[in-house]
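The following paragraphs lead the reader through one protein model, beginning with charge and overall dimensions and proceeding to individual helices and residues.

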Amino acid sequence: YQMGGIPTHYSGRVVMPQNGDPNTVVPGFYAAGECACASVHGANRLGTNSLLDLLVFGKSAGDSMVEFIKNEMPSWKPLPANAGQISLDRIARLDNQTGGEEVADVRAAMQRTVQARAAVFRNSENLALGVKEIQEVAERVKRTQIKDKSKVFNTARVEALELENLIEVAVATLISADARKESRGAHAHADYQERDDEVWMKHTLYYGEDRRLTYKPVHTKPLSVEYIAPKVRTF
């Protein structure tokens, strides 16, 4: 699982920055559970909260969908002729790839890199190395091959496609962590051990197309819920 995910409104509607508004709703797009970030857990998430997250925001997303269909359903533009081409290209590459690397070997390299460079306790040197190394692994993912080219119940193809998804998360994690010069929640940075609310009280947004980062503000007073200000963690 990951702490973070697709930015959403509390209603389950997916939001994205547009025209100066960091929370522009994407019509008809919803997310809930571990793939989403409704911004209710802060910079850490307690172990059992994933199921609560799914139940609460899944219900909210379902209600939002019903309202959308009843009151807002627009007339959609026709899909472009090549709408599924990216997916077809991914399958075709695996079917045609020869002389490439084994999926298991590249997946192990990804796992080792993230564990070594972005474990629970991080530091600047390891994170910088991790960014370089994980991007090298990402290039290897583009050359993975499968020997089983069958079309039915092909778990080798599924694992290869999953690796392509996982590497995106790994790259996003390393780049985002390397940029955040503070410690907050589960991000324990040995070189920046204090939380810096003045600079870093904001969400990180990662864009896979060009591997860039932007940021969006944290909501301090959502609806009528009283805001609980961050405090120093003491034991």
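In this predicted model, the protein carries 30 positive and 30 negative charges, and the mean positions of the two sets are 1 Å apart. The C-alpha atoms fill a box of roughly 60 × 50 × 35 Å along the principal axes. Within that box, the protein contains six helices and 10 strands. Of its 235 residues, 27% are buried. The accessible surface comes to about 15200 Å², and carbon and sulfur atoms contribute 58% of that area. As for the range of the contacts, among those between residues at least 6 apart in sequence, 62% join residues at least 24 apart.

The packing of helices offers a way into the interior. Two packed helices are described by the angle between their axes and the distance between the axes. Helix α3, residues 103-117, and helix α4, residues 124-141, pack at an angle of about 170°, and their axes are 9 Å apart. Because an angle over 145 degrees counts as roughly antiparallel, α3 is roughly antiparallel to α4. On the α3 side, the contact is made by Asp 105, Val 106, Ala 109, Met 110, Thr 113, Val 114, Ala 116 and Arg 117. The α4 side contributes Asn 126, Leu 127, Leu 129, Gly 130, Glu 133, Ile 134, Val 137, Arg 140 and Val 141.

Val 106 of α3, one of the residues in the contact with α4, also appears among the contacts of Thr 144. Thr 144 lies in strand β7, which spans residues 144-145. Thr 144 is buried, since its relative accessible area is 0% and the cut-off for burial is under 20%. Beyond its neighbours within four places in sequence, Thr 144 is in contact with Arg 93, Leu 94, Gln 97, Glu 101, Val 103, Val 106 and Leu 163.

A second threonine, Thr 155, lies in helix α5, residues 155-179. Thr 155 is exposed, as its relative accessible area is 56% and exposure requires over 50%. Thr 155 and Glu 133 are 22 residues apart in sequence, and their C-alpha atoms are 27 Å apart in space.

Attention now turns to helix α1, residues 49-72, whose buried residues are Asn 49, Ser 50, Asp 53, Phe 57, Ser 60, Ala 61, Ser 64 and Phe 68. An α-helix has 3.6 residues a turn, so residues three or four places apart point the same way. The buried residues of α1 pack against two strands, β2 (13-18) and β3 (21-30). Ser 64 of helix α1 is buried, with a relative accessible area of 6%. Apart from its neighbours within four places in sequence, Ser 64 is in contact with Ser 11, Arg 13 and Tyr 30. The C-alpha atoms of Ser 64 and Val 106 are separated by 40 Å, with their positions 42 residues apart along the chain.

The backbone of two loops completes the account. Most residues other than glycine have a negative phi. Asn 19, however, has a positive phi, near 55°. Asn 19 is placed in the loop between β2 and β3, and is exposed, with a relative accessible area of 78%. Arg 211 likewise has a positive phi of about 55° although it is not a glycine. Arg 211 is in the loop between β9 (202-207) and β10 (212-217). At 26% relative accessibility, Arg 211 counts as partly exposed.

Methods
Residues are numbered from 1 along each chain as its sequence is written. This is a predicted model: local features need pLDDT of at least 70, side-chain atom pairs count only at pLDDT 80 or more; totals for chains, interfaces and linings use all residues. Side-chain values use heavy atoms; hydrogens and water are left out. Helices (H or I, at least four residues) and strands (E, at least two) are DSSP runs, numbered from the N terminus. Buried means under 20% relative accessible area, exposed over 50%, partly exposed in between (1.4 Å probe, protein chains only). Contact means heavy atoms within 4.5 Å. Accessible areas come from the Shrake-Rupley method with a 1.4 Å probe; for residues, only the protein chains shown count as cover. Lys and Arg count as positive and Asp and Glu as negative; His and the chain ends are not counted. The place of a charge is taken as NZ of Lys, CZ of Arg, CG of Asp or CD of Glu. Axes are lines fitted to C-alpha atoms, for helices over the stretch in contact, and angles run from 0 to 180 degrees between N-to-C directions. Angles under 35 degrees count as roughly parallel, over 145 as roughly antiparallel, 65 to 115 as roughly perpendicular and the rest as oblique.
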